[in-house]
Amino acid sequence: MNLAQQWVDARPKVAGLHLDSGACSRQSLAVIDAVAAHARHEAEVGGYVAAEAAAPVLEAGRGAIAALTGLAASDVVYTSGSNHSLDLLLGSWQGERTLACVPGEFGPNLAVMAANGFQVRALPVDGNGRVVVDEAARMLATDPPALVHFTALASHRGVAQPLAAMVAVCREAGVPIVVDAAQAFGHLDCNVGADAIYSSSRKWLAGPRGVGFLAVRPELVARLQRRLPPAVWDVPVTVLQSFEHGEHNAATRIGYSVALGEHLAAGPELVRDTLAEVGRAAREVLAGIPGWRVVEPVDEPTAITTLEPTDGADPTAVRAWLIAERRIVTTACELARAPFEMTKPVLRISPHVDTTDEDLEQFAGVLRDAS
């Protein structure tokens, strides 16, 4: 059985056409059942007893994240999602509060940086928003920031950044690199030796909403200071332990662990290759639709395709029409998604491995009608 059919068989029947995995993928029946089973167990024995019983499942999830990131399971903590992970990390940083990031940085990330008092400077990029590694290396050698925050794959454009090369450049410059893998995890190869990496469950891994992870190497943890409880309090709580709030939704963490196991069982490399094939097919099918321009190069190794309106179409209105009239789910990206780079809203599709050529042709035909 091929990967696409496995994906379909493992899930409830989709109500329409789901082209929005970059926002929230469809959970499998096994993930849904695991979340429900834990909720039932909480009702039977109490929430804290049930959480203790689930410890092996959560540890398996940490092990899966470790396998996909190249860090150790002991370096991994669960969070409520990507923004939460970044806030925990930046809020605990003890050094100078400067960082470099791409000009197309995710707007909510910029807000977290500002809230934690970080001064931001831009990494050099080409016309596609991709970092120019040689120029970045010179920048880090001559005027290094305290941290590099590197979004490996943007939310508003499916251009894969040179993640492994940037990790090597940062290591050479002695600058810690923090990787936002919200769109990259389970989509691109993230086992590249980053100092810290974080992501959410709900996107390409197809886990529940409201859970994610943060993984930090011990060398970087040593440069952080516990925020809660205050560092001056003499209590036996490490920085990483302080990140894992006790009052969390254990059921969603269990569901995420199951989704991680499913991803490993499917084969991460096969998933990445299939997503790249789906992305190429989408860009080929959507090229030339009147009123829209495909932003990404056709052979970009991602499943995200961004459509920029050329004749005044409103992506937010188009998205709403697609849902209401055709039951097709996409994303409308407003300027706030990348406020230092975007000049107009765009429509984004992010199909998963189960999306067929027929699905893409159907969407293309509907988009022509909508235009």
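Is Arg327 buried or exposed? In this predicted model, Arg327 is exposed, with a relative accessible area of 54%. The residue belongs to the loop between helix 13 (315-326) and strand 11 (328-329). Although Arg327 is not a glycine, its phi is positive, at about 55 degrees.

Ala206 offers a second case of a positive phi in a residue other than glycine, with a value near 60 degrees. Its setting is the loop between strand 7 and strand 8. Ala206 is buried, with a relative accessible area of 0%. A further backbone feature occurs in the loop between helix 9 (218-221) and helix 10 (239-243), where Pro229 is found. The peptide bond that joins Leu228 and Pro229 is cis, with omega at about -5 degrees.

The discussion now turns to the strands. Strand 3 (residues 98-101) is covered on both faces. Thr98 and Ala100 are buried on one side, and Leu99 and Cys101 are buried on the other. This arrangement may be read against a general rule: in a regular strand, side chains alternate between the two faces of the sheet. Strand 3 pairs with strand 4 (residues 119-122) in the parallel sense, over four bridges. Within that pairing, Thr98 has Gln119 of strand 4 as its bridge partner. Strand 3 also pairs with strand 5 (residues 147-151), again in the parallel sense, over two bridges. Here Ala100 stands opposite Val148 of strand 5.

The connection from strand 3 to strand 4 involves helix 6 (residues 107-115), and the three elements make a right-handed β-α-β unit. Several residues of helix 6 are buried, namely Gly107, Asn109, Leu110, Val112 and Met113. Their cover includes helix 5 (82-91) and strands 3, 4, 5, 6 and 7. Just after helix 6, Gly117 takes a positive phi of about 75 degrees.

Val148, the residue opposite Ala100, leads into the interior. The largest nonpolar core has 53 residues, and those that touch the most other members are Leu123, Val148, Phe150, Met166, Phe185 and Tyr256. Helix 8 (residues 163-173) gives the most to this core, with five residues. Apart from this core lies another, of 25 residues, which includes Leu89, Trp93, Cys101 and Leu147. When neighbours within four places in sequence are left aside, the contacts of Val148 are Ala100, Leu123, Leu140, Met166, Cys170, Val175, Pro176, Ile177 and Val178.

Phe185, another of the core residues that touch the most other members, also takes part in an aromatic interaction. The structure holds one aromatic pair. Phe185 and Phe213 form this pair in a tilted arrangement, at 4.9 Å centre to centre and with 55 degrees between the planes. Phe185 lies in the loop between strand 6 (177-180) and strand 7 (196-200), while Phe213 lies in strand 8 (residues 212-216), so the pair ties together parts that are 28 residues apart in sequence. Both Phe185 and Phe213 are buried.

A ring of another kind of residue is involved in a contact with a charge. The charged end of Arg11 sits over the ring of Trp7, at 3.3 Å from the ring centre.

Methods: Residues are numbered from 1 along each chain as its sequence is written. This is a predicted model: local features need pLDDT of at least 70, side-chain atom pairs count only at pLDDT 80 or more; totals for chains, interfaces and linings use all residues. Side-chain values use heavy atoms; hydrogens and water are left out. A nonpolar core is a set of buried Ala, Val, Leu, Ile, Met, Phe, Trp, Tyr and Cys residues joined through side-chain atoms within 4.5 Å. Buried means under 20% relative accessible area, exposed over 50%, partly exposed in between (1.4 Å probe, protein chains only). Contact means heavy atoms within 4.5 Å. Two strands pair if DSSP finds at least two bridges between them. A crossover is right-handed if, with the strands pointing away from the viewer, the path from the first strand over the helix to the second runs clockwise. Rings of Phe, Tyr and Trp (its six-membered ring) pair if their centres lie within 6.5 Å; planes under 30 degrees apart count as stacked, over 60 as edge-to-face and the rest as tilted. A charge sits over a ring if NZ of Lys or CZ of Arg is within 6 Å of the ring centre and within 35 degrees of the ring normal.
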